[in-house]
Amino acid sequence: MNFTRSLIVLSLFASPVIAAPALADGGGPFPKALAFSTLITTPLQIEGMTGDNKGNLYVPSRNAGAGNPCPVWRVSVQRPALVVVGFVPAPGATAPCVPLGLALDRAGRLYVTEGDRIYRLAPDAATQPLAGVFASGVPGANGVAFDPDGNLWVSDGTTGQGRVWRIDASGTPTEMFRIQPIANEVNLDAGGV
């Protein structure tokens, strides 16, 4: 951890009160009037989304049918349209693909989680590449994010074990720590986790 990050962390711990910023309408921590609108609809289920610095969103579809690859779409915020920029392969001939999280690296490549694998592709509307495996052996892979050093961090969001992995540039995953599951009454059939 560098000096600047250490100073920020220490100042947060030393602060007796962290006040929420006042908003322009003076309504406290939340604006009084929120409005939502649909940017675009998709023909398949989606989960996970990331954006680039050009005003585009990227989202993988889910369940394109057993054995069929799932399209990854690019959507311009200014001119919404579904543009296929690549595909995530299905895990087998009889199983559908069910990608979850995705993130862009500094070079503009997409990393998409699917099962226990992280796929990578360079999004391209002209060639629509099939993603290749970047890393495997990451069961329950869900959320993904890059750190300043270019390592990919992956959460285990589907097994309830709370694992968090760091994957280096060569695609080697290392389990770094576990987050203790929280018991609840919502899903008692699954052990209440």
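In this predicted model, the protein chain exposes about 11,900 Å², with carbon and sulfur atoms supplying 57% of that area. Of its 193 residues, 28% count as buried. The fold is built from one helix and 13 strands, and the helix comes at the N-terminal end of the series, with the strands following it. Among contacts between residues at least 6 apart in sequence, 37% join residues at least 24 apart.

A good place to look next is the aromatic side chains. The structure holds two aromatic pairs. In one of them, tyrosine 111 meets phenylalanine 134 edge-to-face, at 5.1 Å centre to centre and with 85° between the planes. Because tyrosine 111 belongs to strand β7 (residues 110-114) and phenylalanine 134 to strand β9 (residues 132-136), this pair ties together parts that are 23 residues apart in sequence. Both of these residues are buried. Tyrosine 111 also forms an edge-to-face pair with phenylalanine 146, again with 5.1 Å centre to centre but with 75° between the planes. Here the link runs from strand β7 to strand β10 (residues 141-146), across 35 residues. Together, Tyr111, Phe134 and Phe146 make up one aromatic cluster. Tyrosine 111 has a relative accessible area of 3%, so it counts as buried, whereas phenylalanine 146, at 27%, is partly exposed.

Two members of this cluster reappear at the largest pocket, where Tyr111 and Phe146 are among the residues nearest the centre, along with Asp105, Arg109 and Gly150. The pocket holds about 210 Å³ of space and is lined by 15 residues. By class, its lining comprises eight nonpolar, one polar and six charged residues.

Technical notes
Residues numbered from 1 in each chain as written. Predicted model: local features only at pLDDT ≥ 70, side-chain atom pairs only at ≥ 80, totals over all residues. Heavy atoms only, no water. Helix = DSSP H or I, 4+ residues; strand = E, 2+ residues; numbered from the N terminus. Buried < 20%, exposed > 50% of the residue type's maximum accessible area, 1.4 Å probe, protein only. Contact = heavy atoms within 4.5 Å. Areas by Shrake-Rupley, 256 points an atom, 1.4 Å probe, with all protein chains shown as cover. 1 Å grid on protein atoms, 1.4 Å probe; cavity = no way out; pocket = protein on both sides within 12 Å on 5 of 7 lines; lining within 4 Å. Points joined across faces, edges and corners; volume = space filled by probe spheres on them. Nonpolar A, V, L, I, M, F, W, Y, C, P; charged D, E, K, R; others polar. Phe/Tyr/Trp six-rings, centres within 6.5 Å; stacked < 30°, edge-to-face > 60°.
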